[in-house]
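Welcome! Have the sequence and the 3D view ready, and we will walk through this structure together.

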Amino acid sequence: MFYREAGQFKATYEADSAKFPIFQDKLFIWFYLVIGFVAIPLLGNEFFLGAIMIPFLVFTLAAIGLNILTGFTGQISLGSGAFMGVGAYACYKMTLAYPEVNILIFIFASGIFSAIVGVFFGLPSLRIKGFYLVVSTLAAQFFLEWAFQRIPWLYNYNNTGAIDGVSRWLFGIQITGGGADRTAQYIVCLAIVVVMTWFASNIISGRIGRSWMMIRDMDIAAELMGVRPLYAKLSAFAVSSFYCGVAGSMMVFLWLGAAEPESFDYNHSFEILFMVILGGLGSLLGCFLGAAVIWILPILIREWLPPLIDKITPWVITSSTADLVSDIIIGIMIVVFLIMEPHGLARLWAIIKQKLRVWPFPY
Amino acid sequence: MNAHDPHLSTKFDDGIAPGEELLHVDNISLSFGGVKAITDISFDVLKGEIRAIIGPNGAGKTSMLNVINGFYHPQEGTITFRGEKRRKMKPYQAASSGISRTFQNVALFAGMSTLDNIMAGRTLKMHKNFFWQMWRQGPALQEEILHRKVVEEIIEFLEIEAIRKEPVGTLPYGLQKRVELGRALAAEPDLLLLDEPMAGMNLEEKEDMSRFIIDVNQQYGTTIALIEHDMGVVMDLADRVIVLDYGKKIGDGLPHEVQSNQDVIDAYLGVSH
Amino acid sequence: MELLKQIFIEPFETMYALPDLLLQTLWEGFVSGTLYSLIALGFVLIFKASGVFNFAQGIMVVFAALCLVGIHALGVPAYLALILTLGVMALLAMSVVQFVMKPLVNQPDIILFMSTIGITFILIAGGQIIFGGEPKAMITEELGLPTGSSVLEVSGGIVIFQHIDIAAAIIAAILIAGLALFFNKTKIGRALRAVADDHQAALSVGISLEQIWVVVWFAAGVVALTAGILWAAKSDVSFALQVIALKALPVLVLGGFTSIPGAIIGGLIIGFGEKLFDLYWGVPLLGGGTESWFAFIIALLFLLYRPEGLFGEKLIERI
């Protein structure tokens, strides 16, 4: 009843192909932006920003990266964790070498390194499909993990073997390193994610995005329509890894403050893949929803389950057991979603919107 | 709007006069391992005609189309398209030199809408680079809208306005075939290859499709090579017919000539070799 | 120049100078190669029968071994524990088929693959909750597997053959041969290959998909249990095994996804390759630890050159 396109006529193709064709959608998006940029920084505390919102944004960006590759181009990857690592280490090396350059520039530039590495490991995709690519991207994962551990130059010969976020300032506010301002970090993260989501949605709805989806849906037909698989696949790998790389340097510089090689291990790759599956393959909105569920659910369970078990049963469980419980729940959710709704939460959202449109009538 | 405003209302111009040779296939042989799919086939396709390729199942018709648009690479023989002679070419090259096609089993992009599928046909006509696409403002948006117009013309031509935004996976078979034709047309091909455009259709759908094929041929002057099993349709539509059997050419000529050719009759009635 | 010498000359000098070391390395490569083959075989079984790339195969190895040790720890005799573990694997096979495979029949391969990643997570976390996450010792002696070692003297040095390794190679060989016979010569084997080719066609000639799937998932479970016992006898039962089990994937790439001989030869190539590479090139030149990625990088290079694997069938694409 409230969510209706009735009376909103589109007179141009431009209006017809707009991102948010309905007035109510535009309203919603402005509403969310105001909440994100104004309400949360004002009301959120250190825990909410640092343990929930910033990681959520970082993983959303990584999920967008993986979704570009897997959801839009149909190439499975289990290497996103390592590609995040490439971004993080690249950013670390660059900002140490040129401390005076604005850190934001390096955060974006680190994506370029990640893109180059991604293209290299994407090369086999030109000759192989599906599962074989899993092996190729796992090669990236394990090789890069090893490199982060064994090449001391990458972590600047630290005796800890870890990289730590050096302190850098933006407009006079410290945004990276120890003692950085959480709120500022959050706003920077949000701004990066909003801008990059907007870029992603533009690319996807244009010629390049279409050529990715053509490869995904029917690669032979795509080739016969004039899509060059070389360009389409490698550009998807490049863009995907770029996003992961930026997410990786955000993770180190705007969230954790430091990172070890284990921060980029293959469990991360799985986590990101789960976000994409659960959120919805081939949906940008899904990346936000998937990241929210997979990141926030374990936090809630860790917070609530042990006391609950303590209260109603004679057993006591630790928070690490609670984490295992959330792993099981996530695993089950993945299987259930694949069975019931392979397009994930994003499709559920679309269904809800459809229901809203006709509400209060059933059809 | 600039001078290059693409519009479908004029005939596709490729600088070849009607009746001249558009495609010439010379002594093509193709085999997979030990299996010979095509043996020493030659024929030509003239600008503006509808050329039918017929033959029993397994005669090598689809393989022939696959060779023409570069999907299979023949071991012997050459293909001359618009005066350019090649043996091997990539599907991409075939597409960009103006060959477009539909498929025997509908090969639409199932996850995309009708509109996007037909827009996909215009891939080769769009050139704005990555950075413009990223912003989707100015030139990139302008290009997108321009091509949308052309696509809308095709949608109107094929009478599929109502399903413009439907995902193609959910459409009935007849409509899918129509969308596929639209996608092939969107590339503004010089040579349109249709692989069994009417397979599995009922009479009414066949009539519709035949009308579209004739309209495409006459309105846009597109040269068409088609594979079809329905002899009635072939005899009505085609200007000239090639008959293949066991990978060999056994007949070539006007429909009524082919119809009375003894080899062709034998092939269809199944005389032992 | 120095680097070239280090790459192309020095490793071979070392090999020549210390033949006992070389022989020992080859033997270790052979043993881990047979175990990789065994794990890969589990993948091949399920892939052949259902077209499903079962990512959970690695964790099934760990899970089976954990189950065996866990049941034994409750005071159950070793052989009974073995039988009970087989029962658990059968139960697992049935539940996977019932709750995952059946509802997903005819879905795209990528969906099925992702569902097995979901299963992987459930098994990892479930295994840790039930059995605890700490490494455990395998009940090698209780199962009647040999321990101890023999020593062979080779030109001034010694080569040690662990008896468990010899047993592992023999058991793996028997199991592989048995499975190959089973799938090539029996009626179920033929039905299985029919299912692999085309689910619906197989259904239409009266083959019960469900039954076949339970059989292969159970067979894969048995293979996983064997691999788990043999591997854990060499080290320990721990979740780290799961990462090692992932090396079956490059083995499959080398061997081809559908070929049993491919899985064996691929396993041996990877087994020999990674041990030799790490010892003679990895440690002196790259600081060691190359075993974690060597197999994958080899597979990657191989994919560029021959994507269908050594023994896989080359597909002619039709449209």
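In chain B, strand β3 (residues 50-54) runs parallel to β8(B), and four bridges pair the two. Strands here are DSSP runs of E with at least two residues, helices are runs of H or I with at least four, and both are numbered from the N terminus. Two strands count as paired if DSSP finds at least two bridges between them. Before going on, please note that this is a predicted model, in which local features need pLDDT of at least 70 and side-chain atom pairs count only at pLDDT 80 or more, while totals for chains, interfaces and linings use all residues. Residues are numbered from 1 along each chain as its sequence is written, and chains are lettered from A and ligands numbered from 1 in the order in which they are written.

Within the pairing of β3(B) and β8(B), I50(B) stands opposite I224(B). I224(B) in β8(B) is also the bridge partner of L192(B). Strand β7 (residues 191-195) of chain B pairs with β8(B) over five bridges, again in the parallel sense. From β7(B) the chain passes through α7(B) to β8(B), a β-α-β crossover that is right-handed; that is, with the strands pointing away from the viewer, the path from the first strand over the helix to the second runs clockwise.

How covered is strand β8 (residues 223-227) of chain B? It is mostly covered, with five of its five residues buried. A residue is called buried if 20 or more other C-beta atoms, placed from the backbone, lie within 10 Å of its own, exposed if 12 or fewer do, and partly exposed in between. T223(B), A225(B) and I227(B) are buried on one side of β8(B), and I224(B) and L226(B) are buried on the other.

I227(B) makes a good place to zoom in. I227(B) counts as buried because it has 23 C-beta neighbours inside 10 Å. Its C-alpha atom is separated by 4.8 Å from that of I53(B), although the two residues are 174 apart along the chain. Leaving aside neighbours within four places in sequence, I227(B) is in contact with I53(B), K61(B), T62(B), L65(B), D195(B) and E196(B). Contact here is a matter of C-beta atoms, placed from the backbone, lying within 7 Å.

Let us now step back to the whole sheet. Six strands of chain B form an open sheet with mixed pairing, in the order β6-β7-β8-β3-β9-β10. β6 (99-101) and β10 (248-253) of chain B stand at the edges with a single partner strand each, so one side of each has no neighbour in the sheet. On average, neighbouring strands are turned by 20 degrees against each other, direction ignored.

On the other side of β3(B), four bridges join this strand to β9(B), and the two run parallel. There, I54(B) stands opposite V243(B). β9(B) is mostly covered, with five of its six residues buried. Strand β9 (residues 240-245) pairs with β10(B) over five bridges in the antiparallel sense. In that pairing, L244(B) has K249(B) as its bridge partner. Helix α10 (residues 262-269) of chain B packs on the sheet and touches β9 and β10, its direction making about 125 degrees with that of β10(B). Such angles run from 0 to 180 degrees between N-to-C directions, with axes fitted to C-alpha atoms and, for helices, over the stretch in contact. The hairpin of β9(B) and β10(B) has two residues between the strands, and Y246(B) takes a positive phi near 50 degrees in this hairpin.

Next come the contacts between chains. The contact between chain B and chain A takes 32 residues from chain B and 25 residues from chain A. Of the side of chain B that touches chain A, α5(B) gives the largest share, six residues. Chain C also meets chain A, with 38 residues of chain C in contact with 33 residues of chain A. The largest share of that side of chain C, 16 residues, comes from α6(C). The table gives the residue classes, in which Ala, Val, Leu, Ile, Met, Phe, Trp, Tyr, Cys and Pro count as nonpolar, Asp, Glu, Lys and Arg as charged, and the others, Gly among them, as polar.

| Side | Nonpolar | Polar | Charged |
|---|---|---|---|
| Chain B, touching chain A | 20 residues | six residues | six residues |
| Chain C, touching chain A | 29 residues | seven residues | two residues |

Finally, chain B has a domain assignment, which gives domain 1 (19-98 + 189-273) and domain 2 (113-184). Such bounds come from an automatic or database domain assignment. The centres of the two domains, taken over C-alpha atoms, are separated by 27 Å. Their contact takes 10 residues from domain 1 and seven residues from domain 2 of chain B. On the domain 1 side, α2 and α7 (203-219) of chain B each give two or more residues, and α7(B) gives the largest share, three residues.

Notes: Two residues are in contact if their C-beta atoms, placed from the backbone, lie within 7 Å.
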